[in-house]
Amino acid sequence: MAGLCGKLRMYLEFSRISFQRAAAYRFEAWMRLFSNVVFLFMWGFIWYGLYMDRDSVSGVTFQSVFSYVLISQMLQGIHSAGTPLWEIQEKVRSGDIVTEIIRPYDYPTRLLFADLGSIAFYFLTAIFPLYSVIFLIFRPLIPTSPEQWFLFFLSVVLGYLIRYFIELTFGLFTFWLIETGGVEDIFYFAISLFSGATIPLWFFPGWLNTLARYLPFQGIYFVPNAIFVGELGGTELFSALTVQLFWVAVSFLILRFVWYKAGKKIVGQGG
Amino acid sequence: MARSIYNALRIYWYMVEASIRAQMQYSYAFIMNILGWMMHYTGMAITMWVLLYSFQALNGWVYWELIFLFALSVLSWSICTIFFFHFRKLDVHIVQGTFDRFLVRPISPFFHFMALKFDVGALGQLFFSIGAFILAYIKLSLHWSWAEWLVFLGAVIGGTLIQGGMLVLISTIAFYTTRSERVFWVLIFPFRNLINYPLTIFPKAMQMFITFVLPFAFVNYLPALILLDKADPVFPGFWGSLSIFVGILFFWFSYRVWQKGVDRYNSTGS
Amino acid sequence: MITVKNISKIFYINKRQEGMLGAIRSMFFREYIEKIAVNDISFSISPGEIVGYIGPNGAGKSTTIKMLTGILVPTSGEIRVNGVIPYRERQKNARQIGVVFGQRTQLWGDLPTVDSFELLKQIYQIPEKKYRKNLETFTEILGLDEFLNTPVRQLSLGQRMRADIAASLLHDPAVLFLDEPTIGLDVVAKDRMRKFIREVNKERGVTVILTTHDMSDIEKLCKRMILIDKGKIMYDGELAKIKEVFGRDRILTIDFEGDVPFLEKGVQLIRSEGNRKWLKFNLEEISTAQLLAEIAKKNEIKDFIIQEPEIDYIIRKIYERGL
């Protein structure tokens, strides 16, 4: 137990360091925030334009979709502060990954905690103030009960882990593929469409909707967003959370497996 | 004057040829790059299709009209990236000090830097946009007169200059903050997404902004009004034929700002 | 050839703020510190001279070179290179100077070396005849033919430096600026480089200014040296003079057989680590041979090294004693 505490303290130290270091990248942070707002603006008006002269489409009101876009954009803002893909690709290509492996910590865990540090920083200084104002101005739908808030937060955390594990796994493929060009673009496309980041799954053609429900990506944004705006409730909500949990477990196992294989490859070839 | 332009072109050609040869050394990466860009844009077109599936039209624009708008912007973008895409990486040259070499040579640093790379990877976008354009032209059963083809040509050249100017303008930030690549991705990327949709869905202030400040509207929306025979409540139809002039003006402005950036670099270094 | 009058260069650097709160605060506010990189420097260099511009890291060497080549504009003061103000007429200045930065190449990494030369021929508009002649000469002296068709990024450091210096001379510049031309090179490559620089200076009458922190570069190449530290000139004059004053100290590192107590007149024990001793002595007082003979009489010597004082040591000495 004491060992576990010590380990946690060490990993939290990585969070603290990257929290402090985050200020050095304030320029990037402002830029990211700007880009986030432009996309919020864009999607807000696209949905507004689509809903023109219509009250509800596929049984969903504009108010719901607008709230969905708001919370989705906020979550995407948070996610954007921790992107392990670039870092791990860089480390693999430069060969620095070897030094990470010989250190007495688990590299994927370290990376996760470091990113949590920069996310905390970005959330406190940029996302939270900005979206507080936006929420006060536009008064979107928000969770109406403490339970709904709790389930939303739970779902957000699960969603983050799913994306994190998948992205890290993908990043590790750099070990086997020198140039990921085309594959990377398919990967990003899959995430952006099937996660429901910009288009809620409700509006998908039937067969695509079914397909999306079987993929892990919907757990990243669609589930938390839908819980937030109250479009997911009752047994549907619990089955959605269960599916999320399932994908967290599966993507975690895949990550560990790929990481194990990558480790063997490094040792086997001496980097 | 004529002689110095001839000389400049000759130097440019020499460097461009060298750059192409250098890129061809990595043929696998080269093909993956082209493939990657095609995937990227195809993904965006599919997303648009999903978006319109339940709604059929966005403010009077149907799916293939949106694809036309999209293809027009990607077409001029792909041409401009051939010449200017590496400008986004100016920050690397400044941080590593390799920009110095452009300042100790007897030719214009802008010109020298521009000739550094001739980005053949942009072919992926070019192929996509031409394909998408032809499909949209057929699906919308368009039959243009020569005047309309002229507007189209003006839009492609103007759009190339406008977006090229944008890349040059963004790279200038590197002289002040030693960062440009990230700025490029977070600034240009959202705006290029924005102009894939008809301008009318956005509020007036934004319409004015992307018409008069960052003149993206001249890249695709305004010419598309003429080419698709649509009307806009604010902008007169003929504005779409002005793209080429706006392009020249904007590029010239960006070029001047870049020169100011070099002056600034001269006084601060990296 | 070159006149520098009272130039200074001031930079403004971002200040880092400490702690978690400092991190949050610097998201919104920034503070700057002023750094004077070059502080009121004047000198002039005549045609045909080779001048060594030396000092420790961060002394202001590179900043001065950048001002002389037109890359940086001085905060105050005036510079003329062959009558041209470099930062005002950069392109005109570029035609009459050659520049080599030891740490980074001026060539196109992905291209064969000879292609870089061809490109430079176009850029500098070098007439075909002159280009051929220069390329032949340099190929012969520097042995470029062994790698002319290899891409620059695959060259060894020594080869790359040879290619770089040849490239900088293709257009027959009047002045050659060399920023750390021997950094990272092995002894043989260093020697070759020095020989070439001497030859270029003698045969072609090129004025050479080189920065280095390797004292032997200066010894082998320059009559005159300008010593700079913290942005100020500490010494400008003949190398011989400074060597007379400070260059007579030597450090002898010696390994003894077994542990021996050490006592020798006029010799200072500056460090001791088991059987290894570091001794400082002055050539004025005792010659190396004498000292070694004295020591060998009483002790068994296993191994020894004699070192000349390094530039940092000389600068420290100048601080302590003045000139």
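This tour visits a sheet in chain C and then the contact between chains B and C. The model is a predicted one.

**The sheet of chain C**

Begin by selecting strands β5, β6, β7, β3, β8 and β9 of chain C, which form an open sheet of six strands in that order. The pairing within this sheet is mixed. Select next residues 97-101 and 232-238 of chain C: these are β5 and β9, the edge strands, each of which pairs on one side only. Viewed across the sheet, neighbouring strands are turned against each other by 15 degrees on average, direction ignored.

**Strands β3 and β7**

Now restrict the selection to residues 50-54 and 207-212 of chain C. These are β3 and β7, which pair in the parallel sense over five bridges. To inspect one bridge, display C:Val51, whose partner in β7(C) is C:Ile209.

**A helix on the sheet**

Add residues 157-169 of chain C, helix α6, which packs on the sheet. The strands touched by α6 are β5 and β6 (175-179) of chain C. The direction of α6 makes about 165 degrees with that of β5(C).

**The contact between chains B and C**

Finally, display chains B and C together; 21 residues of chain B and 24 residues of chain C take part in their contact. On chain B, select α1 (2-24), α5 (100-103) and α12 (243-268), each of which supplies at least two residues to the side that touches chain C. The largest share of that side, six residues, comes from α1(B). Colouring by residue class shows nine nonpolar, eight polar and four charged residues on the side of chain B that touches chain C.

Note on methods. Residues are numbered from 1 along each chain as its sequence is written. Chains are lettered from A and ligands numbered from 1 in the order in which they are written. This is a predicted model: local features need pLDDT of at least 70, side-chain atom pairs count only at pLDDT 80 or more; totals for chains, interfaces and linings use all residues. Two strands pair if DSSP finds at least two bridges between them. Helices (H or I, at least four residues) and strands (E, at least two) are DSSP runs, numbered from the N terminus. Axes are lines fitted to C-alpha atoms, for helices over the stretch in contact, and angles run from 0 to 180 degrees between N-to-C directions. Two residues are in contact if their C-beta atoms, placed from the backbone, lie within 7 Å. Ala, Val, Leu, Ile, Met, Phe, Trp, Tyr, Cys and Pro count as nonpolar, Asp, Glu, Lys and Arg as charged, and the others, Gly among them, as polar.
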